[in-house]
Amino acid sequence: SSLGPVRPPPPRTPPQPAQPPPAHLPGAMLSRGPLAAHTAAARIALRAARGSPLAARVAARDFWNVSLPVLGGPGGAHTTKYNIVRPGKDGVEWDDFLLALPERDHLASFSKEVPLFIRYLKVVTDKENRNEAFMAFLERAKNGLVVESDAYITAEELLAVMWKNGYSESERNAIQFTFPGDYKFHYPELSVMFDLPEEDTYKYCMRTRIESSHIGELDWSKVKRQGFVRDHWLMFGVGLVIFKYFPFFNYYFGVKVFGTSMWCYTMWTGLNRFISKTCRRNEYMAAQKTAQEVMDGEDALVTSMRRFANDAKCVEYLNTFKEDTDTKIAQYRASLALKMKDELSERAVKQLQAIAAFEAGMGAALQELVVREAASSFKDQFPTDTRMQDAAFSAAVKSLGGAQLAVGEDPVAAHFENAFKTLQGVDLSKVKGNEKGTLAERVAAAQQAKDAEFKNTFMVSAAEAQEVRSLASKAKSGEGYDFSKLPADAAERLDALYTSINAKVGYAMPDLKMTPIPKTPDEAANKYIEEVNARLAAAQAQLRHARLSAFVSAF
């Protein structure tokens with residue numbers, strides 16, 4: 001705050017509206033006529049206050065006032081000419097809107113994030129079927145809504161105006177319960193929410209701020225006095241014309257002393273503005289960087305502390321670790337047994353279904369096999385049987401003559417009939433198969449090939465059983481087996497036989513993979529991990545030995 005006393009605002013007559021506000025607009029528009037009168041009265045009161053002893057003391061204190069560097073500039077405090085403290089911002093000047101009456105381009109602007117307002121506007125525009133207005137505002141506010149910082153009305157002011165203009169309680173409650181009490185509705189938001197021209201909402205917001213004698217932000221580059229070089233050399237010219245009429249003021253003083261002094265003053269003013277602006281900017285950026293580093297450090301500390309948030313519960317967990325582990329191991333064993341049982345049942349059912357499907361396919365293909373083999377036997381016999389050729393020629397000539405053929409005169413029909421008769425009462429399992437023999441022998445050969453395929457697919461062959469016995473004899477060690485004595489190729493062959501034979505008989509092999517634990521950068525932890533991995537490898541080797549021992553013992 002300032003070291004001097006705070007001066008109360010100048011008294012002024014409350015403004016009276018020139019006419020009642022229109023029904024379609026929440027409040028009256030900005031009017032220059034009444035405001036000019038109010039401004040003149042305020043300025044007269046301000047001149048009277050400045051002529052008082054209190055004003056003289058305030059001015060004296062302002063002259064000797066000391067502005068602390070830590071409080072001044074961007075990010076600090078700024079004391080206005082009315083001895084009212086406002087946040088310090090670079091390129092911003094604070095002034096009373098009632099006294100300054102700023103133009104629109106004099107106001108300082110900023111980028112406003114409006115996610116809450118966009119969600120509320122979506123509901124309003126959907127209800128009023130104004131989707132085009134919502135999409136236009138959303139596109140405008142996509143990268144931030146750029147507005148004049150002080151062209152707004154507060155939520156309380158908006159609720160009061162809505163009550164005066166006859167809005168329902170539900171409409172006012174929607175605003176009150178959606179937005180916080182200190183929310184500022186800028187004129188583009190009011191325009192799209194009430195479907196009013198932006199010019200009207202801007203005038204209303206400015207009138208509201210001016211009537212409350214609001215001290216707002218102005219763009220310093222637009223309101224500051226321009227052309228300081230011109231002013232300095234205008235002072236030099238006027239001073240030179242005046243001084244030449246005084247005695248003892250000669251050419252040397254006027255041009256050399258006074259002119260050089262004015263040049264130095266002009267250069268000092270320009271450099272002072274440049275250097276002060278650069279220093280304030282660098283100081284503000286350094287403060288922002290320091291603040292960001294402090295926040296990052298605090299976040300890092302909080303993150304590190306969260307890692308140890310549950311350390312106090314470690315003792316509690318260790319106290320019940322053995323009981324919890326025993327319970328979970330028992331549950332795991334029960335679940336593993338049930339899972340293995342389900343897998344074994346499912347695999348056996350699928351194997352039986354495959355066998356039934358194979359047998360059904362063999363029965364369905366038997367009729368087609370008989371016809372195909374009968375035709376094949378006819379094709380093989382006809383080129384070498386002259387009697388059948390003569391009978392076929394005679395039957396063909398008789399057919400061309402238009403005569404009716406007897407049953408025994410057609411050699412093709414007679415061959416198929418005799419072939420089918422040879423299958424009656426024949427046990428194909430006792431007939432020796434011959435692919436070039438009679439129909440029964442041909443069918444028996446095909447049937448025996450199917451039987452061999454069935455045995456090879458679903459049954460363990462004698463060769464496989466003998467190979468398992470041979471490998472088991474090599475691994476025999478006393479009363480048990482030591483499969484580590486087998487060469488690498490023999491061990492791989494035994495594993496392959498274990499897999500193929502179990503698949504043939506429909507036995508589901510449990511898949512219990514024991515993946516080693518990867519190492520960590522901690523050497524102490526790596527020793528424990530190596531011990532655990534060694535035990536896992538030993539358990540896996542023991543499980544494999546038990547499986548192969550039970551497997552070879554079956555043969």
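**Notebook: salt bridges and an enclosed helix**

Entry 1. I began with Lys122, which forms a salt bridge with Asp126, their closest N and O atoms lying 3.5 Å apart. I note at the outset that the model I am reading is a predicted one. When I looked up where the two residues sit, I found both in helix H4 (residues 115–128), 4 residues apart, which is about one turn of the helix. An α-helix has 3.6 residues a turn, so residues three or four places apart point the same way. I then checked the accessibility of each partner: Lys122 is partly exposed at a relative accessible area of 35%, and Asp126 also counts as partly exposed, at 40%.

Entry 2. How many salt bridges does the count come to? I wrote down 16 for the model, and I went on to look at some of the other pairs one by one.

Entry 3. I turned next to Lys81, which forms a salt bridge with Asp95, with 3.3 Å between the closest N and O atoms. Lys81 lies in the loop between strand S1 (77–79) and strand S2 (85–87), while Asp95 belongs to strand S3 (residues 92–96), so this pair ties together parts that are 14 residues apart in sequence. Is Lys81 buried or exposed? I found a relative accessibility of 54% for Lys81, which therefore counts as exposed because the cut-off for that class is over 50%. Asp95, by contrast, is buried, with a relative accessible area of 11%.

Entry 4. I also looked up Glu128 and Arg130, whose side chains meet in a salt bridge at 2.8 Å, N to O. Glu128 counts as partly exposed at 44% relative accessibility, whereas Arg130 is buried at 11%. I noted separately that salt bridges with shared partners join Arg225, Arg230 and Asp231 into one network.

Entry 5. I then left the charged pairs and asked how many residues of helix H8 (residues 187–194) are buried. I recorded 8 of the 8, so the helix is largely enclosed by the rest of the structure. The buried residues of H8, which I listed for later reference, are Tyr187, Pro188, Glu189, Leu190, Ser191, Val192, Met193 and Phe194. Following the chain onward, I checked the backbone just after H8 and found that Asp195 takes a positive phi of about 55°.

Key
Residues are numbered from 1 along each chain as its sequence is written. This is a predicted model: local features need pLDDT of at least 70, side-chain atom pairs count only at pLDDT 80 or more; totals for chains, interfaces and linings use all residues. Side-chain values use heavy atoms; hydrogens and water are left out. A salt bridge is a side-chain nitrogen of Lys or Arg within 4 Å of a carboxyl oxygen of Asp or Glu. Buried means under 20% relative accessible area, exposed over 50%, partly exposed in between (1.4 Å probe, protein chains only).
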